[in-house]
Amino acid sequence: MVTLLLDSDRLEVALSPAERVLSRRRGNISVPRAQIAKVMLTEDAWIWLRGVPSPGTAVPGIVAMGCWKSGNGVDFAVVRGRRPSVVIDLEGHDEFDRLVLTTRHGVQLIQALRLDGADEAADVADIAPPVPPAKRPRTRPARTAPAT
């Protein structure tokens, strides 16, 4: 999952070396805070991808990394599986119109964007308290009585 760094004037999407290779991108993505128009949380980031990967890597349902071009503009995606994600709509950004990112820190990002900005860059996970992962209900096989 990507690392999100937020300070008083910008959001930076820090990519790991593997994410850089798969997305075919050399550096991180920096977005001025004023250009963030809307932030949405989603359980399924795949429905937010629009267009075709160009350049990037796409294996449907497994991984989508890189630029996605469509008639609506250019989006940048780092999506892994069916994990919680955040969709960030941008206005006036030089490269992208939307960011679609798999992260478990979406709630913390929204809370941090509402706060007055800090002077130093900080990891979004450190700004707000962690949210525990949702527990899945345990299913057990039905017990049957022994035949007599």
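Which residue is the bridge partner of proline 53 in β6? That partner is tryptophan 68. Before going further, a word on the ground rules. This is a predicted model, where local features need pLDDT of at least 70 and side-chain atom pairs count only at pLDDT 80 or more, while totals for chains, interfaces and linings use all residues. Residues are numbered from 1 along each chain as its sequence is written, and side-chain values use heavy atoms, with hydrogens and water left out.

**The sheet**

Back to β5 and β6: these two run antiparallel, with six bridges between them. (Strands count as paired if DSSP finds at least two bridges between them; strands are DSSP runs of E with at least two residues, helices are runs of H or I with at least four, and both are numbered from the N terminus.) The two strands make a hairpin with three residues in between, and glycine 61 in that turn has a positive phi of about 80 degrees.

The hairpin belongs to an open sheet of six strands, ordered β4-β8-β9-β7-β6-β5, with mixed pairing. At the edges sit β4 (36-42) and β5 (52-59), each pairing on one side only. From one strand to the next, the twist averages 15 degrees. As a general reminder, strands of a sheet pair through backbone hydrogen bonds, either parallel or antiparallel.

Another pair to look at is β8 (residues 85-90) with β9 (residues 98-102), which is antiparallel over five bridges. Here aspartate 89 stands opposite arginine 98 in β9. Helix α2 (residues 106-114) packs on the sheet and touches β4 and β8, with its direction at about 150 degrees to that of β4. (Axes are lines fitted to C-alpha atoms, for helices over the stretch in contact, and angles run from 0 to 180 degrees between N-to-C directions; contact means heavy atoms within 4.5 Å.)

**The cores**

The largest nonpolar core holds 22 residues, and Val13, Phe76, Ile88, Leu99 and Leu101 have the most contacts inside it. A nonpolar core here is a set of buried Ala, Val, Leu, Ile, Met, Phe, Trp, Tyr and Cys residues joined through side-chain atoms within 4.5 Å. Buried means under 20% relative accessible area, exposed means over 50%, and partly exposed is in between (1.4 Å probe, protein chains only). Elements giving two or more residues to this core include β1 (3-6), β2 (10-14), β3 (29-32) and α2. Valine 13 shows how the parts meet: beyond its neighbours within four places in sequence, its contacts are Val2, Thr3, Leu4, Asn28, Ile29, Leu99 and Leu101. Apart from this core lies another one, of ten residues, among them Ala45, Trp46, Leu49 and Ala77.

**Around alanine 45 and serine 85**

Alanine 45 is in the loop between β4 and β5 and is buried at 2% relative accessibility. Its C-alpha atom is 7.5 Å from that of valine 86, although the two are 41 residues apart along the chain. Leaving aside neighbours within four places in sequence, alanine 45 is in contact with Val79, Ser85 and Val100.

Serine 85, in strand β8, is buried too, with a relative accessible area of 3%. A polar atom of its side chain lies 3.1 Å from the backbone oxygen of arginine 83. The serine 85 side chain also makes a polar contact with the side chain of threonine 102, at 3.5 Å. (A polar contact is a pair of N or O atoms within 3.5 Å; within protein, one must be able to donate a hydrogen and the other to accept it, and residues adjacent in sequence count only if both atoms are side-chain atoms.)

**Salt bridges**

There are eight salt bridges in the structure, each being a side-chain nitrogen of Lys or Arg within 4 Å of a carboxyl oxygen of Asp or Glu. Three of them are listed here.

| Residue | Partner | Closest N to O |
|---|---|---|
| Arginine 10 | Aspartate 7 | 3.9 Å |
| Arginine 10 | Glutamate 12 | 2.5 Å |
| Arginine 82 | Aspartate 44 | 2.8 Å |

Asp7, Arg10 and Glu12 are linked in a network. Within that network, arginine 10 is partly exposed at 29%, whereas aspartate 7 is buried at 9% and glutamate 12 is buried at 16%.

What about the bridge between aspartate 44 and arginine 82? Aspartate 44 is in the loop between β4 and β5 and arginine 82 in the loop between β7 and β8, so the pair ties together parts 38 residues apart in sequence. Aspartate 44 is partly exposed at 24%, and arginine 82 is exposed at 53%.
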